[in-house]
Amino acid sequence: SPTYGVIDMSATKVGVMTLKSSKNLEAARRLGELVASEEGRNIFAEMGFSPAPAATASEKLSGSLFIHCAVGIKDPVGEIAKKFEAETGVKVELSFANSGQLLGQIDTTHAGDVYIPGDVGFVDKAREKKLVAGEPRNFCYFVPTLYVRKGNPKGIREVSDLVKPGLKLCLADPSAAIGPWRARRWCPTAT
């Protein structure tokens, strides 16, 4: 496999929370437990995320869940949803978009059972809008990195190397979960 230069600059916590609008609160809570369990954390780790805490379950469930999920964690959440359906019989419907779009949909429609934004900053916003039931659980981290061309021909070794002439830099969408981090990191004095 090719080797790419990677610079770890920090981490963004990712959390799962049950929504007040949930029509299936117990199933939503249990899905959150699965996401944050050892098994769920292992799925995230297998897909390249840095894991975080654990939980358990016991009661019979039924019905369906609608999950608003950040697109950056689509694959592991999709795997967990399949596993959850198989174990509980609860049908899981997933909606993927950036965290800000999802929060806007939840705030407008007051529909859905679970919100999994790509950054806990959106958890705070959902709380301010009184959309959350219970406490969110952190379960993995997005670790911002820099990818360089194979062989690192420009010799990028640290963030300060990014001011070298002749470099092209692509930054995250400001409305995506990593966007606020990007703004704090790259434009700390911007208003």
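The legends below accompany a set of close-up views of one protein chain, shown as a predicted model.

**View 1. The whole protein chain and the order of its elements.** The secondary structure of this predicted protein chain comes to 6 helices and 6 strands, and, read from the N terminus on, these elements follow the order β-α-α-β-β-α-β-α-β-α-β-α. Of the 191 residues in the protein chain, 41% are buried. The surface that the protein chain exposes is about 10600 Å², and carbon and sulfur atoms supply 52% of that area. When contacts between residues at least 6 apart in sequence are considered, 75% of them join residues at least 24 apart.

**View 2. The meeting of helix 1 and helix 2.** Helix 1 spans residues 25-36 and helix 2 spans residues 38-46, and the axes of these two helices come within 4 Å and cross at roughly 55 degrees. Because of that crossing angle, helix 1 counts as oblique to helix 2, since the oblique class takes the angles that fall outside the ranges for roughly parallel (under 35 degrees), roughly perpendicular (65 to 115) and roughly antiparallel (over 145). On the side of helix 1, the residues taking part are Leu 34, Val 35 and Ala 36, and they meet Glu 38, Glu 39, Gly 40, Arg 41 and Phe 44 in helix 2. Sorted by type, the residues of this contact between helix 1 and helix 2 divide into 4 nonpolar, 1 polar and 3 charged.

**View 3. Gly 32 within helix 1.** Gly 32 has its place in helix 1, and with a relative accessible area of 6% Gly 32 is buried, because the cut-off for a buried residue is under 20%. Leaving aside its neighbours within four places in sequence, Gly 32 is in contact with Val 16 and Arg 137. Measuring along the chain is one thing and looking across space another: Gly 32 and Met 17 are 15 residues apart in sequence, while their C-alpha atoms are 6.8 Å apart in space.

**View 4. Leu 65 in strand 3.** Leu 65 is found in strand 3, where it has a relative accessible area of 2% and is therefore buried. If neighbours within four places in sequence are left aside, the contacts of Leu 65 include Asn 24, Ala 27, Ala 28 and Leu 31, and also Phe 84, Val 90 and Asp 113. Leu 65 and Lys 23 are 42 residues apart in sequence, and the distance between them in space, C-alpha to C-alpha, is 7.8 Å.

**View 5. His 68 and its surroundings.** His 68 is found in strand 3, which covers residues 64-70, and His 68 counts as buried because its relative accessibility is 3%. A polar atom of the side chain of His 68 lies 3.0 Å from the backbone oxygen of Ala 111. Apart from neighbours within four places in sequence, His 68 is in contact with a set of residues that includes Leu 19, Ser 95, Leu 102, Ala 111, Val 114 and Tyr 115.

**View 6. Asp 119 in the loop before helix 5.** Asp 119 is found in the loop between strand 5, residues 114-116, and helix 5. With a relative accessibility of 11%, Asp 119 counts as buried. Asp 119 and Gly 15 are 104 residues apart in sequence, yet their C-alpha atoms are 7.0 Å apart in space.

**View 7. Lys 130 and Asn 152, two loop residues with positive phi.** Lys 130 is found in the loop between helix 5 (120-128) and strand 6 (132-142), and its phi is near 60 degrees, a positive value in a residue other than glycine. Asn 152, which is found in the loop between strand 6 and helix 6 (178-186), likewise is not a glycine and has a positive phi of about 50 degrees. Which of the two words, buried or exposed, applies to Lys 130? With a relative accessible area of 61%, Lys 130 is exposed, whereas Asn 152, with a relative accessible area of 9%, is buried. The side chain of Asn 152 also reaches the backbone oxygen of Ile 156, at 2.8 Å.

How values were computed. Residues numbered from 1 in each chain as written. Predicted model: local features only at pLDDT ≥ 70, side-chain atom pairs only at ≥ 80, totals over all residues. Heavy atoms only, no water. Buried < 20%, exposed > 50% of the residue type's maximum accessible area, 1.4 Å probe, protein only. Polar contact = N/O pair within 3.5 Å; in protein donor to acceptor, adjacent residues only side chain to side chain. Contact = heavy atoms within 4.5 Å. Areas by Shrake-Rupley, 256 points an atom, 1.4 Å probe, with all protein chains shown as cover. Axes fitted to C-alpha atoms, helices over the stretch in contact; angles between N-to-C directions. Nonpolar A, V, L, I, M, F, W, Y, C, P; charged D, E, K, R; others polar.
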